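Work through the exercises below with the coordinates open. Each task is followed by a solution in steps.

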Amino acid sequence: MKIGIKGINRVSATATVALTAGAVIAGSVFASTAQAATPPTPTITAKGGYVMNNGTAKTLFTKAADTRRSTGSTTKIMTAKVVLAEKNLNLDSKVTIQKAYSDYIVSKGASSAHLIVGDKVTVRQLLYGLMLPSGCDAAYALADKFGSGTTRAARVKSFIGKMNAQAKSLGLENTHFDSFDGIGNGSNYSTPRDLTKIASSAMKNSTFRTVVKTKSTKQKVTTKSGGYRYMSWSNTNAMLSSYSGAIGVKTGSGPTAKYCLVFAATRNGKTVIGTVLASTSATTRSADMKKIMDYSFKK
């Protein structure tokens, strides 16, 4: 009888060991699967980068995200945001293109929407000219239109003040503008995190979303003589055509800024939005953004 009991105990012990070993193996498999599911953090060429979930504001990627840098034409995101925040805004109101706007882009060697002096262009059209070909002439026209003051210089100064007020209202401590287009005087800067927040806020506006996701447009404008002409603009953001789910936002470049990109995309109901600053070329900024967006969609 005692022998039987010992035999049962030995069988029981063997079964326990087998079960325990199985649990350990299973646990190891689950652990390795979980580790495999977490993608490796990508390395980017850009000096700064940041991505967040646009719905939850959760940070998904960061590299020197709070280091202040020149922003180039990504500044124009705030230019558009200020215009669209105007009370009783009439997007179909017309602005007469002044010689000062074309003189400005010539003197600065700036990117242009090729606006023609004397033409009457709507505010909506100026937003397309601002955000697609990155027209500094369009930026100047908008600043002149929506700034306050009796002189053009006063109106421009007022408009830039509105840009800084918007940054302050968003709680951004590492952002300052001294220009309406990114061609600054040494005090035009932001960070990847701040620019992403500016873009996220701007994307709440339906007109902004429509403009920045547009690959190209042909706009009918009124000429000085009362006739009309068509203006054709293509978006400098090539990733709208090359990245699945892309919905915006804005490129930027400059001697100090190097190559910048603020970018947003939606996949399977999830929208991620981010920024890279100071990449080495147009090609690398796109490659950088693709890496960190792919990574962020997997998180």
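**Exercise 1.** In this predicted model, find which backbone nitrogen lies 2.9 Å from a polar atom of the side chain of N235, then describe the surroundings of N235.

Solution.
- Step 1. The backbone nitrogen is that of N237.
- Step 2. On the acceptor side of the search, take backbone oxygens: the one of T214 also lies 2.9 Å from a polar atom of the N235 side chain.
- Step 3. Place the residue in the fold. N235 sits in the loop that runs between β8 (228-234) and α9 (239-242).
- Step 4. Classify its exposure. The relative accessible area of N235 is 13%, and buried means under 20%, so N235 is buried.
- Step 5. List its contacts, leaving aside neighbours within four places in sequence: M131, L132, V211, V212, T214, K215 and L240.

**Exercise 2.** Locate the cis peptide bond between G248 and V249 and give its omega.

Solution.
- Step 1. The omega of the bond joining G248 and V249 is about 20°.
- Step 2. Assign the secondary structure: V249 belongs to strand β9.
- Step 3. Follow that strand to the largest pocket. Strand β9 (residues 246-254) gives the most to the pocket lining, with 5 residues.

**Exercise 3.** Characterise the largest pocket by volume and lining.

Solution.
- Step 1. The volume is about 460 Å³.
- Step 2. The lining has 27 residues, and those closest to the pocket centre are G182, I183, S253, G254 and P255.
- Step 3. Sort the lining by type: 17 residues are polar, 5 are nonpolar and 5 are charged.

**Exercise 4.** For A57 and A278, compile phi, location and exposure.

Solution.
- Step 1. A57 has a positive phi near 65° and is not a glycine. A278, also not a glycine, has a positive phi of about 60°.
- Step 2. A57 falls in the loop between β1 (48-53) and β2 (59-63), whereas A278 falls in strand β11 (residues 270-279).
- Step 3. With a relative accessible area of 48%, A57 is partly exposed. A278, at 12%, is buried.

**Exercise 5.** How many disulfides does the whole structure hold, and are C136 and C260 buried or exposed?

Solution.
- Step 1. The search finds 0 disulfides.
- Step 2. C136 is buried, with a relative accessible area of 2%.
- Step 3. C260 is buried too, at 0%.

**Exercise 6.** Summarise the whole protein by its helices and strands, burial and contacts.

Solution.
- Step 1. The protein has 10 helices and 11 strands.
- Step 2. Of its 299 residues, 47% are buried.
- Step 3. Among contacts between residues at least 6 apart in sequence, 61% join residues at least 24 apart.

Technical notes:
Residues numbered from 1 in each chain as written. Predicted model: local features only at pLDDT ≥ 70, side-chain atom pairs only at ≥ 80, totals over all residues. Heavy atoms only, no water. 1 Å grid on protein atoms, 1.4 Å probe; cavity = no way out; pocket = protein on both sides within 12 Å on 5 of 7 lines; lining within 4 Å. Points joined across faces, edges and corners; volume = space filled by probe spheres on them. Helix = DSSP H or I, 4+ residues; strand = E, 2+ residues; numbered from the N terminus. Nonpolar A, V, L, I, M, F, W, Y, C, P; charged D, E, K, R; others polar. Disulfide = S-S within 2.5 Å. Buried < 20%, exposed > 50% of the residue type's maximum accessible area, 1.4 Å probe, protein only. Polar contact = N/O pair within 3.5 Å; in protein donor to acceptor, adjacent residues only side chain to side chain. Contact = heavy atoms within 4.5 Å.
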